[in-house]
Amino acid sequence: MRVFPPADDQTARLAAFIAYGLLGYLIALGCLLIVLVRARHRLAIAVITIAVALLTLCHLAWLGPLFVNDHRAASTPKFRLMSLNMYNGGANSRKVAQLAERADIVILVETTSAALAGLKPHGWDRRFPYSWGDPRDGSFSNTAVYSRFPLSSSRAIGDTSFQQWVTTVRIPRVGRIRLMAVHPCNPYCGGDRWSAEHRLLRKAVIDNVDHPLVVAGDFNAVDDHGPMRALQRAGLKSATDVAGAGWLPTYPANRLFPPLLPIDHVMINKDLTATSVASLAVAGSDHRGLLATLALTAL
């Protein structure tokens with residue numbers, strides 16, 4: 001499924017767990033090595049062991065870069081971007097506002113008017129005087145962008161299940177950054193919407209990738225999924241990968257067990273670098289948020 005990505009919704013759900021194949025291969029490899037030592041007839045076992053070892057190396061090669069810093073040097077002052085799925089407005093407003101104090105730009109998906117109103121008593125409008133998708137600017141939707149810096153040329157990314165935006169942020173001493181706040185439908189939506197909305201997102205990325213570009217939000221896809229690899233071929237790279245921040249699963253965050261799937265992402269093109277990415281726990285949400293420190297790069 002990694003080499004030949006599935007396009008249908010049902011198989012795509014299974015493909016979300018591709019990375020966990022590494023655990024199965026490691027267990028199998030250990031068992032095979034024990035059998036190989038004890039077996040009298042070893043040729044068949046040796047062939048199988050070599051095959052499993054090669055598959056294990058493939059998985060390590062896919063996951064390894066997440067833990068290695070790309071060392072893209074920053075050429076401008078840094079800015080911080082926070083992204084969070086608010087679980088249909090259920091995230092704790094006080095906690096969201098507290099975490100957002102560390103950010104210059106905030107992307108909130110699955111918002112509600114009540115949830116956004118709940119942020120106001122915590123100095124939200126003072127911290128973020130510029131917005132798109134907030135009731136105050138007449139463009140309320142279930143995806144909102146907040147910024148300490150001016151926004152311009154804001155528009156919708158097609159007709160999708162959840163609202164998605166592309167806008168321009170003018171950051172002092174950095175310049176103009178194209179920003180896309182995204183939330184394509186998940187594989188449970190049915191009707192091929194997961195694939196179709198990711199194709200629409202890829203087209204929007206291609207249209208904007210010639211400028212410094214940040215794409216962030218709930219992608220409803222892991223790095224191994226075909227649509228994410230298509231975005232990589234279009235010129236994007238995960239900020240987690242660039243910073244060497246490691247494995248950062250974000251969903252589900254409201255269970256008794258830790259999050260399993262990294263479906264929330266901050267992606268950047270070659271004009272930017274990421275110096276750090278961290279996940280954020282927020283009560284009331286089924287996702288962990290992400291906080292990425294970014295800058296333009298000289299590369």
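Start with the largest pocket, which has a volume of about 420 Å³. To find its centre, select Asn186, Tyr188, Asn220, Tyr251 and Ile263, the closest to that point among the 23 residues that line this pocket. Colour the lining by class and the count is 13 nonpolar, six polar and four charged residues. Keep in mind throughout that this is a predicted model.

Next, go to the second largest pocket, where about 260 Å³ of space lies. Its lining has 18 residues, and those closest to the centre are Arg2, Trp62, Leu66, Asp223 and Gln232. Show the cartoon here and pick out α3 (43–63), α8 (226–233) and β9 (237–238), the elements that give two or more residues to this lining. By class, the second largest pocket is lined by ten nonpolar, two polar and six charged residues.

Now select the cysteines. How many disulfides does a search of the whole structure find? The search finds one. Cysteine 185 and cysteine 189 form this link, and their sulfur atoms are 1.7 Å apart. Set a dihedral about the S-S bond of cysteine 185 and cysteine 189: the value is -80 degrees, and the link is left-handed.

Switch to a surface view and stay with cysteine 185. Is cysteine 185 buried or exposed? Cysteine 185 has a relative accessible area of 1%, so this residue counts as buried, the cut-off being under 20%. Compare two other cysteines. Cysteine 31 has 44% relative accessibility and is therefore classed as partly exposed. Cysteine 58, with a relative accessible area of 35%, is also partly exposed. Both classes follow because the partly exposed range runs between 20% and 50%.

Return to the cartoon and select the strands of the open sheet. Six strands form this sheet, and following them across gives the order β5-β6-β7-β8-β10-β9, with mixed pairing. The edges are β5 (151–156) and β9, each of which pairs on one side only. Strand β9 has already come up on this tour, as one of the elements in the lining of the second largest pocket.

For the last stop, isolate residues 165–171 (strand β6) and residues 175–182 (strand β7). These two strands pair in the antiparallel sense over seven bridges. In general, strands of a sheet pair through backbone hydrogen bonds, so the backbone is the part to display. Then label threonine 167 and look across to β7, where leucine 179 stands opposite.

Key
Residues are numbered from 1 along each chain as its sequence is written. This is a predicted model: local features need pLDDT of at least 70, side-chain atom pairs count only at pLDDT 80 or more; totals for chains, interfaces and linings use all residues. Side-chain values use heavy atoms; hydrogens and water are left out. On a 1 Å grid over the protein atoms alone, a cavity is a set of points where a 1.4 Å probe fits but cannot get out, and a pocket is an open set with protein on both sides within 12 Å along at least five of seven lines; lining residues have an atom within 4 Å of a point. Grid points are joined across faces, edges and corners, and a volume is the space filled by probe spheres set on the points. Ala, Val, Leu, Ile, Met, Phe, Trp, Tyr, Cys and Pro count as nonpolar, Asp, Glu, Lys and Arg as charged, and the others, Gly among them, as polar. Helices (H or I, at least four residues) and strands (E, at least two) are DSSP runs, numbered from the N terminus. A disulfide is a pair of cysteine sulfur atoms within 2.5 Å. Buried means under 20% relative accessible area, exposed over 50%, partly exposed in between (1.4 Å probe, protein chains only). Two strands pair if DSSP finds at least two bridges between them.
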